[in-house]
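Here is a short tour of one helix and one sheet. Please keep the 3D view open as you read.

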Amino acid sequence: GESLPRDVQVGDEVISGCVNVQGLLEVRVTKPASESTVAKILDLMENSSNRKRNTENFISAFARYYTPTVVYLALFVSFVVPGIMARLGNGSYLSLLPDFFHRGLMFLVVSCPCAIVISVPLTYFSGIGGLSKKGVLVKGSNYLDALTMVDTVVFDKTGTITKGQFSITKIDSKIDEKELIKLAAYAEYNSTHPISAAIVTSYGKENINPALISKVDEIAGHGVKAVIDDKEVLAGNAKLMATNGIEIPEVDTIGTVVYIAVDKAYAGYITVADTIKPTSKRAMAALKANGIRNTVMLTGDNKKVADAIAEDCGITEVHSDLLPQDKVSEFDKISKTGNCAYVGDGINDAPVLAMANVGFAMGGLGSDAAIETADVVIQTDQPSKVAEAIKVGKLTRRIIWQNVSLAFGVKLLVLILGAGGIATLWEAVFADVGVALLAIMNAVRIQKIVIK
């Protein structure tokens, strides 16, 4: 989970799944595949999914009881009520039967649940369709429903809150700043290290003339020494500067510091770090506006980096220095305080995504395991889309209850009027077909709201 590259020496432990970006390593396997980090993550993911809550399908449960109830009530009105009326002396059973049979048929027409059965799934369809046009794929209506109950959103850091890519965040130069970046880029040109790549990319690889570079000496774990246009340039960490007897200032900053020296004289430093996504700050503000009471960040990064990013984005709670299994245990504690959504992109996020009430995966740069496990996939990799999904979920729920209230209200009124012999078949048709059309139009308008 740590976003910065690590140097390893003889005797250090290397976790399976790490990528060697530079040099040659001989690594001795000390544990079987069943005890590897990836195996543990897959095991956590399988066990976590068993604890996930299932959202009951409202329509299925409703129809199971509603349909037989209205049929029996219609039979009661048609055949039993005339008998009761006849016993009370209001006419003969046979003379009352045609009128009450007509009322029973009207009862069936009015009580037909078309408005609810059609409009509710259509509202979910409209909400999911509207979000898909915004680059948010929801894997089912039950997850859209579950979004309305979320009160805590937990984020991974690298690749979710931050870009997961290195870039220059700070330059402190004793010489011309452009010249410092130029010399650093030339010195790092032949290195495959990700920090070197970030500096070269910032300057522009196409602007570098390799003919000016000579006597390149890449010192593992220290940095690079090269001659650039007859100038000896050192670019690396504090160890490289100390080895060459160059005094440097103490730097307290977040990220990796690359010190630059020209002809044995200190020239300045460049800080390279993983940068925050432009929409991350906006995402936290939008979540709070949508009623999310707590935002949390779980990360494998060190505390200093994690706290700084959380403060910058407005995240209320941070847990750092976490291994994949630590993320699961921390999330388990958080989830006991309310309904939680989790947002992540890596394979180490998959177990937590499986545990969450709603799991969001970054679909652009996210791992296959995270995308497969998640309930919602954000194709644009923008954390601000989480707030948008929650907003649409709440809007969808609101429109569903509008349709349910409209349908039941009109039907109940017409049923009462019909039972009293006041309403005609025309009112009954409106209570069925007319209300269904109104509910459908109300359901469809959600797409226009979402797309705006």
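What follows looks at the helix, then at the sheet and a helix that packs on it.

**Helix α9**

The model is predicted. Helix α9 spans residues 280-289, and its buried residues are S280, A283, M284 and L287. These four residues lie on the same side of α9, because they cover an arc of only 95° around the axis. If you turn to the face directed away from that buried side, you will find the exposed residues R282 and A289. Just after α9 comes G291, with a positive phi of about 90°.

**The sheet**

Now for the strands. Seven of them form an open sheet with mixed pairing, in the order β1-β13-β12-β11-β2-β9-β10. The edges are β1 and β10, each of which pairs on one side only. From one strand to the next, the twist averages 20°.

At the β1 edge, strand β13 runs antiparallel to β1, and three bridges join the two. For one pairing to look at, V138 has V376 in β13 as its bridge partner.

Helix α11 packs on this sheet and touches β2, β9, β10 and β11. Its direction makes about 150° with that of β11.

To help you find these strands in the viewer, here are some of their residue ranges:

| Strand | Residues |
|---|---|
| β1 | residues 136-138 |
| β2 | residues 152-156 |
| β9 | residues 294-298 |
| β10 | residues 317-319 |
| β11 | residues 340-344 |
| β13 | residues 376-378 |

Helix α11 itself covers residues 324-335.

Technical notes:
Residues are numbered from 1 along each chain as its sequence is written. This is a predicted model: local features need pLDDT of at least 70, side-chain atom pairs count only at pLDDT 80 or more; totals for chains, interfaces and linings use all residues. Side-chain values use heavy atoms; hydrogens and water are left out. Buried means under 20% relative accessible area, exposed over 50%, partly exposed in between (1.4 Å probe, protein chains only). The arc is that of the directions from the helix axis to the C-beta atoms. Two strands pair if DSSP finds at least two bridges between them. Axes are lines fitted to C-alpha atoms, for helices over the stretch in contact, and angles run from 0 to 180 degrees between N-to-C directions. Contact means heavy atoms within 4.5 Å.
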